[in-house]
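Biologist: I should like a close look at the charged side-chain pairs of this model, set in the context of the surrounding fold. Please treat the matter in one connected account.

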Amino acid sequence: MPKIKLTNDSSLYQLGQNRLNPENISFLQSYDYGQMQARLGNEPLYMLVENDNGEILSSYMAILFKAKRGKYFFLPYPALDLETLDLLTTFLTNNFPGKGVDFLRISPLLTGLPQHLDWFKKLGFRDAPVHMMHPELLWLLDLNKSEKELLFEMRKNTRYALKQAQKMGVKLLSGADEDLLRKFYEIHLETSRRQHFVPYSWEYLKAQLEIFGPRDEIKIYLAEHEGKIIAGAIIMFYGKEGVYHHGASLSEYNRIPGSYLIQWEAILEAKKRGLPRYNFWGVVENAPKHPWSGLSFFKQGFGGTGKALLHCQDKPLTAKYWFNFVVETVRRIRRGY
């Protein structure tokens, strides 16, 4: 019978990660992402799943968040089966009474099949009131193709935008240093004001750079036109994919397609690293009034296919969960989701 043991040994944790399906490993389940969260004041919990002989079968990371509206364990993008979900749920529910945890929250890396939803319902989970903790419709590009094939499968106006960016003299800066991050952050703040979303904090992005940078798993791209930074992106390279994790642009330079050139260079970098997939992160479909509609159209222009994931799931543990439920429901409605 499998059992769970806690660890702070990064090598043992990575061994467990390696024994999962490598196609379903997200940087959000990495040891380093937990360390990044620790810098931000949250508590990572590293769990090894072992068999009766002590052999490590897999590993998972949960993060303890201490919000005023309630404490909760959150598992971002774990690759699960029913047995492991049951095991993790039992462990997290029964072994931390002193921490006063009010609910469990999981954004599973599972497709939204009815059988997957049934797994959660049987264990007392329900749909989370949040619109999403992480994207639930991913847009993925298969990189097991030649550069010529990738260009051919793009939308026509995407290919045109790439050529225009080059003709206009758009230059790319890339690297993993704090100076580039500061330049990105300036346009990130402007983008958040324009599109009415809560920006990532400087502390969050700096921690992400400092934790993943030494392993060459993060790269900042900036598009420059006539000496002005007009667009940027932060790309993660982890496991089997490159991930477009953060993006930003200046609205007054919308006619200069710097963002297209950034994505193409990031795709080529992922190919160079031998990664089989480029993950554009979240998109929406058939929702023209959604705030992500234009961004989704941009991403989908590079080709690829969608992968729909199960909605974020909550397991209430105390009555305080329902206070959190009301708060997050009101926030979701106010944001138009």
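How many salt bridges does a search of the whole structure find?

Modeller: The model is a predicted one, in which local features need pLDDT of at least 70 and side-chain atom pairs count only at pLDDT 80 or more, while totals for chains, interfaces and linings use all residues. Residues are numbered from 1 along each chain as its sequence is written, and side-chain values use heavy atoms, with hydrogens and water left out.

Side chains of opposite charge can pair when their charged atoms come close. A salt bridge is taken here as a side-chain nitrogen of Lys or Arg within 4 Å of a carboxyl oxygen of Asp or Glu. Searching the whole structure yields 17 salt bridges.

One of them joins Asp314 to Arg105, at 2.7 Å from N to O. This pair links distant parts of the chain, with Asp314 in strand S14 (residues 313-316) and Arg105 in strand S5 (residues 103-107), 209 residues apart. Strands (E, at least two residues) and helices (H or I, at least four) are DSSP runs, numbered from the N terminus. Asp314 is buried, its relative accessible area being 0%, and Arg105 likewise counts as buried at 0%. Buried means under 20% relative accessible area, exposed over 50%, and partly exposed in between, with a 1.4 Å probe and protein chains only.

A further salt bridge pairs Lys145 with Glu153 at 2.6 Å, N to O. Lys145 is partly exposed at 24% relative accessible area, and Glu153 is also partly exposed, at 40%.

In helix H7, Lys183 and Asp179 form a salt bridge of 3.5 Å, N to O. Because these two residues lie 4 residues apart in H7, about one helical turn separates them. Lys183 is partly exposed at 31%, and Asp179 is partly exposed at 45%. Beyond single pairs, salt bridges with shared partners join Arg69, Arg105, Asp314 and Glu328 into one network.

The sheet that contains S5 and S14 is open, with 7 strands in the order S1-S2-S3-S4-S5-S14-S6 and mixed pairing. Two strands pair if DSSP finds at least two bridges between them. Its edge strands are S1 (3-6) and S6 (126-127), each of which pairs on one side only. S1 and S2 (residues 43-50) run antiparallel and are joined by 4 bridges; in this pairing Lys5 stands opposite Leu48 of S2. Helix H1 (residues 10-18) packs on this sheet and touches S2 and S3, its direction making about 115° with that of S3. Axes are lines fitted to C-alpha atoms, for helices over the stretch in contact, and angles run from 0 to 180 degrees between N-to-C directions. Ile56, placed in S3 (residues 56-67), is buried at 7% relative accessible area. Leaving aside neighbours within four places in sequence, Ile56 is in contact (heavy atoms within 4.5 Å) with residues including Leu12, Leu15 and Gly16.

H7, which carries the Lys183-Asp179 pair, belongs to the surroundings of a second open sheet. There, 7 strands follow the order S8-S9-S10-S11-S12-S7-S13, again with mixed pairing. S8 (171-175) and S13 (305-308) are the edge strands, each with a single partner, so one side of each has no neighbour in the sheet. H7 (residues 178-195) lies across S8, S9 (218-225), S10 (228-238) and S11 (241-249), running at about 65° to S11.

H7 also packs with helix H8 (residues 202-212) at an angle of about 145°, the axes being 11 Å apart. Among the residues making this contact are Glu178, Leu181 and Arg182 of H7 and Trp202, Leu205 and Lys206 of H8. By class, the contact has 6 nonpolar, 1 polar and 4 charged residues; Ala, Val, Leu, Ile, Met, Phe, Trp, Tyr, Cys and Pro count as nonpolar, Asp, Glu, Lys and Arg as charged, and the others, Gly among them, as polar.

Elsewhere in this second sheet, S7 (residues 137-142) and S12 (residues 277-282) run antiparallel, joined by 4 bridges. Trp281 is placed in S12 and counts as buried at 9% relative accessibility.
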